[in-house]
Amino acid sequence: MISGVRGVLQTKTGDRVIVSTQGGVSYELAVPLGVLERLPAEGAPIDLLAVPVVREDGWALYGFDDGQERTIFQRLLGASGVGPRLALALLSTLGGRRLARVVQEGDVGALCTVPGVGRKTAERIVVELRDKLRDVAAEEAAAAVVPAEQAIQALVNLGYGAAEADRAVRTALSQDGSGEAVDLIRAALQLLTKPR
């Protein structure tokens, strides 16, 4: 089984990339939009994790630069009615971490923003994957703790009360969820300085 492709990025077009390996073999991989945006320029070395999908009419490779995103893709394929194209669309529209959080929270509306996902499909995804993506959502929540604590401390250093800073950072996290300390501080300051 192919679990990764290492080589030189030959081309990137649409949602596909072609990677040429040292052995003279080139692989075409479909990738989510987020991966495509993070890829280096053509001609640069590249190392992608891969998921092969074999069907009656052929096989395809799907590439990821993040192990967690690959895991989410594989778990999406385990849900009834979710094929590789829909799984790729979900990851391209929402991103891996946000998708895990949306499923965990049962946010059917957010899932319905993905092209090809109707209300019934969104509800089925939530029911079938909520438990399977719990560990990913928990990892994301744990990863957000340190930047959140840094943001709260920075606001306290600026003269805001600890409770007030904590409330503002929690609100900023729930609205954006990016998790970066600088972004949280900026968003929390906007909330704290907003006229009431």
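The following legends describe close-up views of a predicted model of one protein chain.

**Figure 1. Overall arrangement of the protein chain.** The secondary structure of the protein chain comprises nine helices and five strands. Read from the N terminus, the order of elements is β-β-β-α-β-β-α-α-α-α-α-α-α-α. The C-alpha trace spans about 60 × 40 × 25 Å along its principal axes. Of the 196 residues in the protein chain, 37% are buried. Contacts between residues at least 6 apart in sequence include 51% that join residues at least 24 apart.

**Figure 2. The hairpin of β1 and β2.** Strand β1 covers residues 4–13 and strand β2 covers residues 16–20; the two pair in the antiparallel sense through five bridges. K12 has V17 of β2 as its bridge partner. Two residues lie between the strands of this hairpin, and G14 in the turn adopts a positive phi of about 55 degrees.

**Figure 3. The hairpin of β2 and β3.** Strand β3, formed by residues 26–30, pairs with β2 in the antiparallel sense, again over five bridges. Here V17 is bridged to L29 of β3. Five residues separate the strands in this hairpin, where G24 has a positive phi near 90 degrees. V17 thus appears in both views, as the bridge partner of K12 and of L29.

**Figure 4. The largest nonpolar core.** This core contains 31 residues, and I72, F73, L76, L90, L99 and L111 have the most contacts inside it. At least two of its residues come from each of β4 (45–55), β5 (58–64), α2 (67–77), α3 (84–94), α4 (96–105), α5 (108–111) and α6 (119–129). Helix α3 provides the largest share, six residues. In soluble globular proteins, nonpolar side chains tend to be buried together.

**Figure 5. Surroundings of L90.** Leaving aside residues up to four places away in sequence, L90 touches L76, G95, L99, L111, V114, V117 and I125. Among these neighbours, L76, L99 and L111 are listed with L90 as residues having the most contacts inside the largest nonpolar core.

**Figure 6. The second nonpolar core.** Separate from the largest core, a second core has 13 residues, including V17, V35, L36 and L48. V17 is also the β2 residue that serves as bridge partner of K12.

**Figure 7. Surface and charges of the protein chain.** The protein chain exposes about 10,800 Å², of which carbon and sulfur atoms supply 51%. Its 22 positive and 24 negative charges have mean positions 4 Å apart.

Methods:
Residues numbered from 1 in each chain as written. Predicted model: local features only at pLDDT ≥ 70, side-chain atom pairs only at ≥ 80, totals over all residues. Heavy atoms only, no water. Pairing = 2+ DSSP bridges. Helix = DSSP H or I, 4+ residues; strand = E, 2+ residues; numbered from the N terminus. Core = buried A, V, L, I, M, F, W, Y, C linked by side-chain atoms within 4.5 Å. Buried < 20%, exposed > 50% of the residue type's maximum accessible area, 1.4 Å probe, protein only. Contact = heavy atoms within 4.5 Å. Areas by Shrake-Rupley, 256 points an atom, 1.4 Å probe, with all protein chains shown as cover. Lys, Arg positive; Asp, Glu negative; His and termini not counted. Charge placed at Lys NZ, Arg CZ, Asp CG, Glu CD.
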